[in-house]
Amino acid sequence: MTTLTDIAIMEKVYNILKISSLLSLTRVLIPYFRKNKCGIKWIKKSGARIEKFNKCARSARCESTKSLILDCPTRWNSTYNMLVVAHEYKDAFTRYDLEEVDFGLHIRHKNHSVPGPEDWDKAKKLCHFLKTFYDITLRISGTKYVTSHTLVNELATIRDVLRKQLDCDIHGEEPTDKHLYDIATAMRPKFEKYYGEVENMNLLVYFAFILDPRNKYEFLDVIVDDHYGREGISVVEKKKEYIKGKMKLLYEEYVRIHAPSSTSSSTLGKRPRSTNTSHELDHGDMLRRRMKTAPSSSSSTSELVKYNGECCEPFDKNVHFDILLWWKVNSARFPILSLMARDLLAVPISTVASESVFSTSGRVLDSFRSSLGDKTIECLVCAQDWLRISLNPEKIEDMDTIANIEKELMEQERVHLNE
């Protein structure tokens, strides 16, 4: 049976780095577009070149007002942003190449060529492919709203994107885009490793998904069928029963811990009669006793069954739905489920900043920190988080101050170890 201790352990191990590992594979296609970076780097080297490029953009009637972006090699999102902005200026690049001879010479000297229609078409397809991952990463990295109930649906979106590129293998056809096919082929094993089988996943994401009144078991059945439908009806039903069974066990655990005792519940709202002192039972009392002894399905219906038996709340992507407010209003109807929702919806999908998710370089310990113990590193990270919270989060952090504080903490640690 799932216990609260098991839940706490699952909360700690669950993080978005799995998604980060998945998304980092999209950099497979980036070398094909180095010519874009080469040209942008040449233009941004001087103000005169930028001014001339802007003039060409106005002549080519480019509607974009964004500035050209030079990507960071270790952040795939910056490459995505670079290609998005560059594609908006594709006509300006063509015109600039005609008016600035040195531009084309420089790119050819770097063994590249000025991007042509075929290159811009590849860039557009890549941007369309990456946009799904880019938008999902931003959504699930939020810290000011609930995210735990959205991950199952986001995973279904990612799964659909990969299938569109790989379904050609099932039909024995050639891929429509060989480069995107190669990316999806490299990404699928990583995706299946973490999200291929329900038994290997953290079921908290499914529990939070069910506790969204717009989903419940009704949408869960649709999601599971979309995921495992190709493996047969028996597999789909097995996965559904597994998730619902674990959800029921968790609910029963909450009932055991939080349900009021029979004594307190039986006396709740009752007051002693002052007018009738007779101990004789009237006809109404006898009928009520008969009602208690008669079999009744409604009296034994659990909150979980009642909750999933009701119709789902309407879903509208353009209308904000406050799931916490919904559970606050309906907490009187579902006291145990509201406690579950309070705990499960408070679990963030990730405690990692979106900047770290986009990064493909990973965290690096320098020579000063490589010998620190796990507890010491954890203390330093926690202290840094506390210091950041104490400052105004809207202002730019003083990284020098944080670095000095970290040095002082490390010096204190060294003195403590020497003693």
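**Exercise 1. Cysteines**

How far is the sulfur of Cys56 from the closest cysteine sulfur, and in which residue is that sulfur? Use the answer to decide whether Cys56 takes part in a disulfide.

Solution. The model is predicted.
- Step 1: the closest cysteine sulfur to that of Cys56 belongs to Cys62, at 9.5 Å.
- Step 2: a disulfide requires sulfur atoms within 2.5 Å, so the sulfurs of Cys56 and Cys62 are too far apart for a bond.
- Step 3: the count of disulfides by this rule is 0.
- Step 4: Cys56 has a relative accessible area of 2% and is buried. Cys127 is also buried, at 9% relative accessibility.

**Exercise 2. Two helices in contact**

Determine how helix 8 and helix 10 are oriented to each other, and list the residues through which they meet.

Solution. Two packed helices are described by the angle between their axes and the distance between the axes.
- Step 1: helix 8 spans residues 117–140 and helix 10 spans residues 178–195. Their axes come within 10 Å.
- Step 2: the axes cross at roughly 25°. Angles under 35 degrees count as roughly parallel, and helix 8 and helix 10 are therefore roughly parallel to each other.
- Step 3: helix 8 contributes Lys122, Lys125, Leu126, Phe129 and Phe133 to the contact, and helix 10 contributes His179, Leu180, Ile183 and Met187.
- Step 4: sorted by type, the residues of this contact are 6 nonpolar, 1 polar and 2 charged.

**Exercise 3. The core and helix 18**

Identify the residues that touch the most other members of the largest nonpolar core, then describe the surroundings of Leu337 and Ser338.

Solution. In soluble globular proteins, nonpolar side chains tend to be buried together.
- Step 1: the largest nonpolar core has 83 residues, of which Tyr89, Phe93, Tyr206, Trp327 and Leu337 touch the most other members.
- Step 2: leaving out residues up to four places away in sequence, Leu337 touches Leu211, Tyr251, Glu303, Leu304, Tyr307 and Trp327.
- Step 3: Ser338 lies in helix 18, residues 335–344. With the cut-off for buried at under 20%, Ser338 counts as buried because its relative accessibility is 13%.
- Step 4: under the exclusion of residues up to four places away in sequence, Ser338 touches Trp327 and Ser331.

**Exercise 4. The whole chain**

Summarise the secondary structure, the burial and the sequence range of the contacts.

Solution.
- Step 1: the chain has 21 helices and 0 strands.
- Step 2: of its 419 residues, 37% are buried.
- Step 3: among contacts between residues at least 6 apart in sequence, 76% join residues at least 24 apart.

Definitions and conventions: Residues are numbered from 1 along each chain as its sequence is written. This is a predicted model: local features need pLDDT of at least 70, side-chain atom pairs count only at pLDDT 80 or more; totals for chains, interfaces and linings use all residues. Side-chain values use heavy atoms; hydrogens and water are left out. Axes are lines fitted to C-alpha atoms, for helices over the stretch in contact, and angles run from 0 to 180 degrees between N-to-C directions. Helices (H or I, at least four residues) and strands (E, at least two) are DSSP runs, numbered from the N terminus. Angles under 35 degrees count as roughly parallel, over 145 as roughly antiparallel, 65 to 115 as roughly perpendicular and the rest as oblique. Contact means heavy atoms within 4.5 Å. Ala, Val, Leu, Ile, Met, Phe, Trp, Tyr, Cys and Pro count as nonpolar, Asp, Glu, Lys and Arg as charged, and the others, Gly among them, as polar. A nonpolar core is a set of buried Ala, Val, Leu, Ile, Met, Phe, Trp, Tyr and Cys residues joined through side-chain atoms within 4.5 Å. Buried means under 20% relative accessible area, exposed over 50%, partly exposed in between (1.4 Å probe, protein chains only).
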